Amino acid sequence: MSQTATISQAVSKPRQGTLNNGAVFTFNSNVATNLDKIPIVDAAGIWSANLEDRQKVAEEIRRAASGIGFFYLINHGIDRKYAKGVMGQAKRFFELPIKKKMEVFTGLVPNEYVGYHPMECYNRNGWKHQDLSEAFNWAYDPREDPDAVDLNQPAVSIWPSDLAGFREELYAYHTQLLNLSRRLTRIFALALHLPETYFDDFVKRPEAGMRILHYPEQEHSADDQNGIGAHTDVECFTIVTQDSAGGLEVLSKSGDWIKAEPIEDSFVVNIADCFMRQTNDFFKSTIHRVINKSGKERYSAPFFFGFDREKLLEPVPTCVSEENPMKYPVMTGGQYYMWRTNKQKATNKCKLEQE
């Protein structure tokens, strides 16, 4: 899920915006560039039995995560057939009549972000026109986790009826990404100069939501409309599968929008807010958005990975000191997730009776 932002309608530039968590950000213009580059990390070493190989990847991730907060991940080990399957199911679902999709409207599930989010129901930045995208979200289900420790944990997702293979194909990819995320969590521990198993207990019952999104081509300018407005993500990190249309843009420290151009068979990985909180701002949760001016429809599938909702988001010991005390109040991941979910869903302008 995402953190929304409200953009002040200032005439002069640079312009300012305020996130729902109160943070203020500045951007120079709505024109994106590719002058700055997002780092590319070769993930092959994360599967190596050699600790030095894993540490080498960890140091690359440390630089990216503490810098721009985004990186591409290549040689990640997941067969492309899973992504192709999910993209096909995304097109199939979003082509359904709106009445059918509204059977799983997110408003039916309080305190959770699962279900269908209709087209043009959000306006994250207060532009003239609503964000031009629609989405379907589903959550972690222990029955789909080969390493589940509690099969009695309730499943909260809602699924459309009479759509054979839809749930199965979405969870097939979800399970692959879940395995990769647990491995990446160990690499992130090394990146924070912690024991590799430091976060293992945090990911036995993970926060592991996923969504598919559909972005029609935008006719309006970026000044008047976004596909999805400027935001940060909630959990620890996000793994994004994107198609060839492009459109993902990242806000640099200098206030410029950087294009995250598609790289074949790669993931885009970004740090999210819970990890930034736990690392006391050492890792950066960076604002990003989507502008689809590709001339075609865009589809993507982000996977949002976080820690057990019952665990406290306590500071990572290597990121705090007497000179650098913890900046955030300690709460559980579940408390933070519920607060963010409800703030986001409160801005949904669509109603259940939409047809």
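Which residues lie nearest the centre of the largest cavity? The points below take up this question for a predicted model, after the sheet and the cores have been described.

1. The sheet. An open sheet of eight strands, with mixed pairing, follows the order β6-β7-β15-β12-β17-β10-β9-β8. Because β6 (40-42) and β8 (115-117) stand at its edges and have a single partner strand each, one side of each is left without a neighbour in the sheet. Between neighbouring strands of this sheet the average turn is 25°, with direction ignored.

2. The edge at β8. The strands β8 and β9 (residues 134-138) run antiparallel and are joined by three bridges, and within this part of the sheet His117 stands opposite Ala135 of β9.

3. Helices on the sheet. Helix α2 (residues 80-94) packs on the sheet, where it touches β8, β9, β10 (207-215), β12 (237-242) and β17 (298-306), and its direction makes about 115° with that of β17. Helix α4 lies across β7 (70-74), β9, β10, β12, β15 (267-271) and β17, and runs at about 135° to β12.

4. The nonpolar cores. The largest nonpolar core has 70 residues, and Phe188, Ile212 and Phe275 are those with the most contacts inside it; helix α4 (residues 166-191) contributes the largest share of this core, 13 residues. A second, separate core of 15 residues includes Tyr72, Ala135, Tyr215 and Ala260.

5. The surroundings of Ile212. When neighbours within four places in sequence are left aside, the residues in contact with Ile212 include Val86, Ala90 and Phe94, as well as Glu134, Ala135, Phe136 and Trp138. Also among them are Phe166, Leu170, Ser300 and Ala301.

6. The second largest pocket. This pocket holds about 420 Å³ of space and is lined by 21 residues, of which Arg80, Ala83, Thr241, Gln242 and Asp265 are the closest to its centre. Both α2 and β12 supply at least two residues of the lining, and the largest share, six residues, comes from α2.

7. The cavities, and the opening question. The structure holds five cavities of 30 Å³ or more, and the largest cavity has a volume of about 190 Å³. Of the 19 residues that line the largest cavity, Tyr215, His231, Val240, His288 and Pro302 lie nearest its centre. Two or more lining residues come from each of β10, β11 (228-233), β12, β16 (288-290) and β17, and β17 gives the most, with four residues.

Conventions: Residues are numbered from 1 along each chain as its sequence is written. This is a predicted model: local features need pLDDT of at least 70, side-chain atom pairs count only at pLDDT 80 or more; totals for chains, interfaces and linings use all residues. Side-chain values use heavy atoms; hydrogens and water are left out. A nonpolar core is a set of buried Ala, Val, Leu, Ile, Met, Phe, Trp, Tyr and Cys residues joined through side-chain atoms within 4.5 Å. Buried means under 20% relative accessible area, exposed over 50%, partly exposed in between (1.4 Å probe, protein chains only). Contact means heavy atoms within 4.5 Å. Two strands pair if DSSP finds at least two bridges between them. Axes are lines fitted to C-alpha atoms, for helices over the stretch in contact, and angles run from 0 to 180 degrees between N-to-C directions. On a 1 Å grid over the protein atoms alone, a cavity is a set of points where a 1.4 Å probe fits but cannot get out, and a pocket is an open set with protein on both sides within 12 Å along at least five of seven lines; lining residues have an atom within 4 Å of a point. Grid points are joined across faces, edges and corners, and a volume is the space filled by probe spheres set on the points.
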